[in-house]
Amino acid sequence: SHSPPASAAAPSASAGAAAASEMASELALAEAAAAMPTPEEVPAGCLLHMLLSLLLQQPPTSLYLLGLASCVHKWVQASAPAEQRLVASHPGFVRFVLERLLDPEPTEPQLQVFFDLLAELIKFNPPLMTTVQDALLDSSLAGGAASDLFISRLLDHPVDASILVQCIALTLAPEASPLRGMRALALARSLAKQRLLAERECLGR
């Protein structure tokens, strides 16, 4: 029998190394997410807490509204899932963002700023997408018509909402981003399960 040529074996080895590197990156991401502090561990007087609290105090006509919202947007941009939860867990934050998107007469560029903020908040984070969905179904928001009005805003302002639509599509399509989204969530859960089993084994010894 003839051994395969070296040129044929090389791509196979390269593919194996690439797969191993990808898995290592995924596990590193899951480890980083698991190591992030929970919202209860963040001091009330920290910069993030003060920034969010100040934003939520602004009326729709405030000159500081969009500037503060842009600061929070930069904070969560490309952040880890735990950091997204940190921001979303601030009391009243998700509802406030949705209220600004549902304002009867939003000023320019209010819709784009808050659509972009919402996009970064839920990007590659399916549980937070569910949180936003539940908030839109709250009967106390926009007289119970929040979900219909939200869809209307998406359709009437496609340019302002384009980043949000893209982030939703990427999050719901795991093959579009192999290191984040649904696949990363599954890895994080698997990692947590492995740690729990390891802890039980240690306690049983």
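This dialogue walks through how to read a predicted model of an all-helix chain, from its overall make-up to single residues.

Reader: What should I know about the model before I look at any details?

Author: This is a predicted model, in which local features need pLDDT of at least 70 and side-chain atom pairs count only at pLDDT 80 or more, while totals for chains, interfaces and linings use all residues. Residues are numbered from 1 along each chain as its sequence is written, and side-chain values use heavy atoms, with hydrogens and water left out.

Reader: How many helices and strands are there in the protein?

Author: Helices (DSSP runs of H or I, at least four residues) and strands (runs of E, at least two) are numbered from the N terminus. The protein has 10 helices and 0 strands, and along the sequence the pattern reads α-α-α-α-α-α-α-α-α-α.

Reader: What share of the residues counts as buried, and what does the protein expose?

Author: A residue is called buried under 20% relative accessible area, exposed over 50%, and partly exposed in between, with a 1.4 Å probe and protein chains only. Here 36% of the 205 residues count as buried. Accessible areas come from the Shrake-Rupley method with a 1.4 Å probe, and for residues only the protein chains shown count as cover; the protein exposes about 11,800 Å², of which carbon and sulfur atoms supply 62%.

Reader: What do the contacts say about separation along the sequence?

Author: A contact means heavy atoms within 4.5 Å. Among contacts with a separation of 6 or more, 74% join residues 24 or more positions apart.

Reader: Why is α5 described as largely enclosed?

Author: The count of buried residues decides this: 7 of the 9 residues of α5 are buried, so the helix is largely enclosed by the rest of the structure. The buried residues are F93, V94, F96, V97, L98, R100 and L101, and their cover includes α2 (47–56), α3 (65–76), α4 (81–88), α6, α7 and α8. When you look along any such helix, it helps to recall that an α-helix has 3.6 residues a turn, so residues three or four places apart point the same way.

Reader: How do α5 and α6 cross, and which residues meet there?

Author: Axes are lines fitted to C-alpha atoms, for helices over the stretch in contact, and the angles run from 0 to 180 degrees between N-to-C directions. The axes of α5 (residues 93–101) and α6 (residues 110–122) come within 9 Å and cross at roughly 145°. A crossing is left-handed if the near helix is turned anticlockwise from the far one by less than a right angle, and right-handed if clockwise; α5 passes α6 in a left-handed crossing. On the α5 side F93, V94, F96, V97, L98, R100 and L101 take part, and they meet Q110, L111, F114, F115, L117, L118 and L121 of α6. By class this contact has 12 nonpolar, 1 polar and 1 charged residues, where Ala, Val, Leu, Ile, Met, Phe, Trp, Tyr, Cys and Pro count as nonpolar, Asp, Glu, Lys and Arg as charged, and the others, Gly among them, as polar.

Reader: Which residues of α4 are buried, and what lies in the loop that follows?

Author: In α4, which is mostly covered, 6 of its 8 residues are buried, namely P81, A82, Q84, L86, V87 and A88. H90 sits in the loop between α4 and α5 and counts as buried because its relative accessibility is 11%. Setting aside neighbours within four places in sequence, H90 is in contact with H49, L52, S53 and L56.

Reader: Is N125 buried or exposed, and what does its side chain contact?

Author: N125 lies in the loop between α6 and α7 (126–136), and it counts as buried because its relative accessibility is 4%. A polar contact is a pair of N or O atoms within 3.5 Å; within protein, one must be able to donate a hydrogen and the other to accept it, and residues adjacent in sequence count only if both atoms are side-chain atoms. The side chain of N125 makes such a contact with the side chain of Q84, at 2.9 Å. Apart from neighbours within four places in sequence, N125 is in contact with P81, Q84, R85 and T171.

Reader: Where should I look for backbone features such as a cis peptide bond or a positive phi?

Author: Most residues other than glycine have a negative phi, and most peptide bonds are trans. In this model a cis peptide bond joins E108 and P109, with omega about 0°, and P109 is in the loop between α5 and α6. F124, in the loop between α6 and α7, has a positive phi of about 60° although it is not a glycine. A142, in the loop between α7 and α8, has a positive phi near 55°. F124 counts as buried at 11% relative accessibility, whereas A142 is partly exposed, with a relative accessible area of 38%.
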